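Trainee: I am new to this structure, and I would like to go through it slowly with you.
Mentor: Then let us look at it together and take one topic at a time.

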Amino acid sequence: MRNTTVGGQAVIEGVMMRGLKGIATAVRNPEGEIVVHHDDTKPLSQKNAFFRWPLVRGAVALVDSMRIGIKSLNWSASIFGEEEEPTKFEVFLKDKFGEKGEKIIETLTLIFSLGLSVLLFFVLPTLITGLLRRYDFPAIVLNITEAVLRLSIFIGYLYGISKLKDIYRVFQYHGAEHKAIICYENEMDLTVENVRSCTRYHERCGTNFMFLVMAVSIVVFSFTGWTHPVIRIVTRILLLPLISGITYEILRWLGKTKGPLQTAIAYPGMMLQRLTTKEPLDEMLEVSIRALKEAEGLMEIEQHS
């Protein structure tokens, strides 16, 4: 079993991989060719030793993955001419700050995406559950209700988007990403046949991470009580870095060790991957293999062998 931390995500008609040699995004363009983009963006964990501390590195990794993911999605969209016309605000930022304007736009996009997720999966369940306080339900009932609502919204969201045609193809590429990584971890040759034979479910998937965030938040929020609605919302937002940090450490542990306990903890997230990953076509597997080889520097080895 190869010890590796390579990971990635699906993009429009392609796959992004992060490996030993950096970030590589492979996309099959309208002409049917595989085109590759290399991104030399350094992980935040390499810029400050504090960002590598346990519990801290989880929140940093979440921001990092979203930041890189947005850049990869934008690049893949540009291959198909799907980039939207810049708004007047975006034009103003680029004119005012030059190259830094692009980074400001990426940062604002990241903040918006993260804020929308917090609003939908954390603030909304808290506000809805807060309406039950007038009936003098005990705190444990409110906590259970909030947890059920949060998980229901999350699963309902995944189910809903999985039914969209364009998203279905993205989920196929997500499956292709997992299959390639699992094939690589099992030290098998990265051929379409070998990758196809591998499972599309992986313990270190972002879907597992999001489900575990929900599960860990249930435990952590149970200690905060039910006070004023504003205080509850602020408390939950402030605790999110800690929750993502705990979740990240659990996910690392699941990836490094095997056993009945690990299997039980990973099982719900693995089952949710039935929604977020679909069986890919062979042409999709070719793209995922190319992205993985580029990210791990295997293309260079093949060219010199």
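**Contacts, overall form and cores**

Mentor: Among the contacts (heavy atoms within 4.5 Å) in the chain with a separation of 6 or more, residues 24 or more positions apart account for 69%. This is a predicted model, in which local features need pLDDT of at least 70, side-chain atom pairs count only at pLDDT 80 or more, and totals for chains, interfaces and linings use all residues. Residues are numbered from 1 along each chain as its sequence is written, and side-chain values use heavy atoms, with hydrogens and water left out.

Trainee: What radius of gyration does the chain have, and what would a compact globule have?

Mentor: The radius is taken over C-alpha atoms, and the globule rule is 2.2 Å times the number of residues to the power 0.38. For 305 residues a compact globule would come near 19 Å, which agrees with the chain's own value of 21 Å.

Trainee: Which helix gives the most residues to the largest nonpolar core?

Mentor: A nonpolar core is a set of buried Ala, Val, Leu, Ile, Met, Phe, Trp, Tyr and Cys residues joined through side-chain atoms within 4.5 Å, where buried means under 20% relative accessible area with a 1.4 Å probe, counting protein chains only. The largest such core has 26 residues, and Phe121, Phe154 and Ile243 are among those with the most contacts inside it. At least two residues come from each of H3 (99–130), H4 (139–162), H7 (206–221), H8 (229–256) and H9 (260–276), these helices being DSSP runs of H or I with at least four residues, numbered from the N terminus. The most, eight residues, come from helix H7.

Trainee: Which residues does isoleucine 243 contact, leaving aside its neighbours within four places in sequence?

Mentor: Isoleucine 243 is listed among the buried residues of H8. Once those neighbours are set aside, its contacts are Val213, Val216, Ser217, Val220 and Phe221.

Trainee: Where does H8 bend, and by about how many degrees?

Mentor: The 28 residues of H8 should span 40 Å at 1.5 Å a residue (the rule uses one less than the number of residues), which agrees with end C-alpha atoms 40 Å apart. A bend is the angle between axes fitted to the seven residues ending at a residue and the seven starting there. In H8, with proline 241 following within four residues, the bend is at leucine 240 and is about 40 degrees.

Trainee: How many residues of H5 are buried?

Mentor: Helix H5 covers residues 165–185 and has 21 residues. H5 is mostly covered, and the number of buried residues is 15.

Definitions and conventions:
Buried < 20%, exposed > 50% of the residue type's maximum accessible area, 1.4 Å probe, protein only.
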